[in-house]
Amino acid sequence: AFKMSTTRTIEQLVESVELVDNPVPAADLARTGKAGMIVVQPQDMNIRVQFIEGFWTATADADAELAASITVDTSAGRVLGTTASGDSSATGGAGTLCDGGGRVIGEATEKALEELLGQIGERFANSPRLREGLAGTR
């Protein structure tokens, strides 16, 4: 889900995206007709779930914290290097045998990922150094 969601976010910000298995050396970018190389790397993921007993029912509380780094290199060198994070929480019924825990973990993680990708998109789109670095590649 992280790779697909990240790719969709980046596709909204650039003309085209080509996924590669290995990084392209900066010196080879211009030769291959690429403006730059974007690397988004997951850094950290912390998930916590807690079940709270009630008189008749139990509640599940979950917190999710995600962090990732983003770097952008052009043939002239690195034009962006930053980290972003997202965190969220969710609460719901614990369910039978605490099966509601998975649901609230999923909800909290989904919201945290959305926040993380929003930050990545903002940092990418609002970077003057990135715009200046890419202006010379066209």
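Helices (H or I, at least four residues) and strands (E, at least two) are DSSP runs, numbered from the N terminus. The model shown here is predicted, so local features need pLDDT of at least 70, side-chain atom pairs count only at pLDDT 80 or more, and totals for chains, interfaces and linings use all residues. Residues are numbered from 1 along each chain as its sequence is written, and side-chain values use heavy atoms, with hydrogens and water left out.

**View 1. L116 sits in helix 3.**
L116 is buried, with a relative accessible area of 1%. Three words describe accessibility: buried means under 20% relative accessible area, exposed over 50%, and partly exposed in between (1.4 Å probe, protein chains only). L116 is in contact with F2, L66, A67, A68, A84, S85 and G86, leaving aside its neighbours within four places in sequence. Contact here means heavy atoms within 4.5 Å. N46 lies 70 residues from L116 along the chain, and their C-alpha atoms are separated by 13 Å.

**View 2. The largest nonpolar core has 22 residues.**
A nonpolar core is a set of buried Ala, Val, Leu, Ile, Met, Phe, Trp, Tyr and Cys residues joined through side-chain atoms within 4.5 Å. Which residues touch the most other members? They are I70, V72, L80, L116, I120, F124 and L130. Strand 2, strand 3 (77-93) and helix 3 each supply at least two residues of this core. Helix 3 gives the most, with eight residues. In soluble globular proteins, nonpolar side chains tend to be buried together. Now pick out F124. Not counting residues up to four places away in sequence, F124 touches L13, V14, I38, I70, V72, L80 and L130.

**View 3. D63 and R48 join through their side chains in a salt bridge.**
A salt bridge is a side-chain nitrogen of Lys or Arg within 4 Å of a carboxyl oxygen of Asp or Glu. The structure holds five of them. For D63 and R48, the N to O distance is 2.2 Å. D63 lies in strand 2 (residues 58-74) and R48 in strand 1 (residues 37-53), so the pair ties together parts that are 15 residues apart in sequence. D63 is partly exposed, at 25% relative accessibility. R48 is also partly exposed, with a relative accessible area of 38%.

**View 4. D73 and R78 form another salt bridge.**
Their closest N and O atoms are 2.8 Å apart. Are the two partners buried or partly exposed? D73 is buried, with a relative accessible area of 11%. R78 counts as partly exposed, at 46% relative accessibility.

**View 5. E107 and K111 form a salt bridge within helix 3 (residues 100-125).**
The side chains meet at 3.3 Å, N to O. The two residues are four residues apart, about one turn of the helix. E107 is partly exposed at 34% relative accessibility. K111 is partly exposed at 38%.

**View 6. S88 belongs to strand 3.**
S88 counts as buried, at 16% relative accessibility. What does S88 contact, leaving aside its neighbours within four places in sequence? The partners are A62, D63, A64, A108, K111 and A112.

**View 7. T7 and E53 are buried and exposed, respectively.**
T7 is found in helix 1 (residues 2-11). T7 has a relative accessible area of 15%. Leaving aside neighbours within four places in sequence, T7 is in contact with V17 and L19. E53 is found in strand 1. E53 has a relative accessible area of 76%. E53 and V104 are 51 residues apart in sequence and 16 Å apart in space, C-alpha to C-alpha.

**View 8. Confidence differs between helix 4 and strand 2.**
pLDDT is the predictor's confidence in each residue, from 0 to 100. The protein averages a pLDDT of 89, and 96% of the residues score at least 70. Among the elements of the protein, helix 4 (residues 128-135) has the lowest mean pLDDT, 77. Strand 2 has the highest, 94. Where pLDDT is low, the predicted coordinates should not be read in detail.
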